[in-house]
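Welcome! Please take a moment to look over the molecule shown here, and then let us walk through it together.

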Amino acid sequence: MEGILISGFADEISFLFDEQLKTVRDLGMKFISLRSADGKSIADYTLEEVKTQLKPRLEAAGIGVSSIGSPIGKVDIRDDAGFEKQLIQLDTLCQIAEELNCRYIRMFSFFMPAGEDPALYRDKVISKLQQFISVAAKYNVILMHENEKDIYGDVGSRCRDLMDALGSDSFRNCFDFANYVQCGEDPLLCWELLKKDTVYIHIKDAVSGNKENVLCGTGEGQIPRILQQAICEESYRGFLTLEPHLVLFSALQSLETADAKSIIKENKYKDGASGYAAQYRALTDILNQF
């Protein structure tokens, strides 16, 4: 389908970067979202390490980078030292994005204190995000805010608030179906709220009962309906990025506030490569119906 590019978080295949690239290449994919490689978060790589350890292997495999899957903004809103560390990391990540010819860096809007009203922290969220955006603007990089669970922008209304307050050429929306389901939101209503600011889509599905992730198109994310509307009626063009969450993988615990086994209760496929391939086939089956 012209203008629609499939990418994915390849660290769900294996912690080994060469295994990630082999599986992606064998599927016929041309892009990955770079979150971790060889067991190390992309935020912990130096620019020189990316140049010498990752870029040559990407080029040899013929694989591009659709986005940097950073942990920027995945820190408690009250943790000022953690924020300052992430400001430094973001500068390096912007340089890495430039080196890899990548426009997008995925990020978040800070974990909220449990049991407290996120509105109490809005001004601090806005102020800290503005500082992140200023760093990205220097490099002509687009920060994409993902609606992760337990952060300020976890529900549609607060994602809309962030776009209204900060939306710009350097700060746009990344849409994740499953996270909305797991937050008790209606993904279709959230899409209506955020479609004009959405430049990137994650392909992850879930059910609300036990909040577990499932194969895309089989959960409550309304993925087929929303993608058909987005692509065929609203002319969305860009990346659809696989994030299966169907098999326990080594980087998962660092991505979730809850125990990993409460997110993926059991492996639904024999290994990460099988789960990744199943998600890829399920997405292409959906797209082939349009």
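A good place to begin is a meeting of charge and ring: the charged end of lysine 40 sits over the ring of tyrosine 45, at 4.6 Å from the ring centre. Lysine 74 does something of this kind too, its charged end sitting over the ring of phenylalanine 108, 4.9 Å from the centre. Please keep in mind that this is a predicted model.

**The chain as a whole**

Stepping back, the protein chain holds 11 helices and 12 strands. Its radius of gyration is 18 Å, close to the 19 Å that the globule rule gives for 290 residues, so the chain is as compact as a globular protein of that length. The C-alpha trace spans about 45 × 45 × 40 Å along its principal axes.

How much of the chain counts as buried? Of the 290 residues, 58% do. The accessible surface comes to about 11,700 Å², and carbon and sulfur atoms account for 48% of it. Among contacts with a separation of 6 or more, 74% are between residues 24 or more positions apart.

**A row of parallel strands**

Now follow some strands from one to the next. Strand β6 (residues 104-107) runs parallel to β7, joined to it by 4 bridges. One bridge in this pairing sets tyrosine 104 against isoleucine 142 of β7. From β7, another 4 bridges lead to β8, again in parallel, and here methionine 144 stands opposite arginine 172 in β8.

The row continues with β8 (residues 171-176) and β9, which pair in the parallel sense over 4 bridges. Asparagine 173 has threonine 198 in β9 as its bridge partner. Next, β9 pairs with strand β12 (residues 238-242), also in the parallel sense, over 3 bridges. In β12, threonine 241 stands opposite histidine 202.

The pairings can be set side by side:

| Strands | Sense | Bridges |
|---|---|---|
| β6 and β7 | parallel | 4 bridges |
| β7 and β8 | parallel | 4 bridges |
| β8 and β9 | parallel | 4 bridges |
| β9 and β12 | parallel | 3 bridges |

Are these strands enclosed or open? For β7, 5 of the 5 residues are buried, so this strand is largely enclosed by the rest of the structure. In a regular strand the side chains alternate between the two faces of the sheet. Both faces of β7 are covered: Ile142, Met144 and Glu146 are buried on one side, and Leu143 and His145 on the other.

Strand β8 is also largely enclosed, because 5 of its 6 residues are buried. In β9 (residues 198-203), 6 of the 6 residues are buried, so the rest of the structure largely encloses this strand as well.

**A helix under cover**

Helix α5 (residues 156-166) has 8 buried residues out of 11, so it too is largely enclosed by the rest of the structure. Which residues of α5 are buried? They are Gly156, Arg158, Cys159, Arg160, Asp161, Leu162, Met163 and Leu166. The cover over them includes α4, β7 (142-146), β8, α6 (177-182) and α7 (187-194). Two of the strands from the row above, β7 and β8, therefore appear again here as part of what covers α5.

**Aromatic rings in company**

The count of aromatic pairs comes to 9. One of them joins phenylalanine 83 and phenylalanine 110 edge-to-face, with 6.2 Å centre to centre and 65 degrees between the planes. Phenylalanine 83 lies in helix α3 (residues 80-99) and phenylalanine 110 in the loop between β6 and α4 (122-139), so the pair ties together parts that are 27 residues apart in sequence. Phenylalanine 83 counts as buried because its relative accessibility is 2%, under the 20% cut-off. Phenylalanine 110 is buried as well, with a relative accessible area of 0%.

Phenylalanine 83 has a further partner, phenylalanine 132, in a tilted pair: 5.1 Å centre to centre and 55 degrees between the planes. Here helix α3 meets helix α4, where phenylalanine 132 lies, so this pair ties together parts that are 49 residues apart in sequence. Like phenylalanine 83, phenylalanine 132 is buried.

Elsewhere, Phe31, Tyr104, Tyr200 and Phe239 form one aromatic cluster. Tyr104 is already familiar as the bridge partner of isoleucine 142 in β7.

Technical notes
Residues numbered from 1 in each chain as written. Predicted model: local features only at pLDDT ≥ 70, side-chain atom pairs only at ≥ 80, totals over all residues. Heavy atoms only, no water. Buried < 20%, exposed > 50% of the residue type's maximum accessible area, 1.4 Å probe, protein only. Pairing = 2+ DSSP bridges. Phe/Tyr/Trp six-rings, centres within 6.5 Å; stacked < 30°, edge-to-face > 60°. Lys NZ or Arg CZ within 6 Å of the ring centre and 35° of its normal. Rg over C-alpha atoms; globule rule 2.2 N^0.38 Å. Contact = heavy atoms within 4.5 Å. Areas by Shrake-Rupley, 256 points an atom, 1.4 Å probe, with all protein chains shown as cover.
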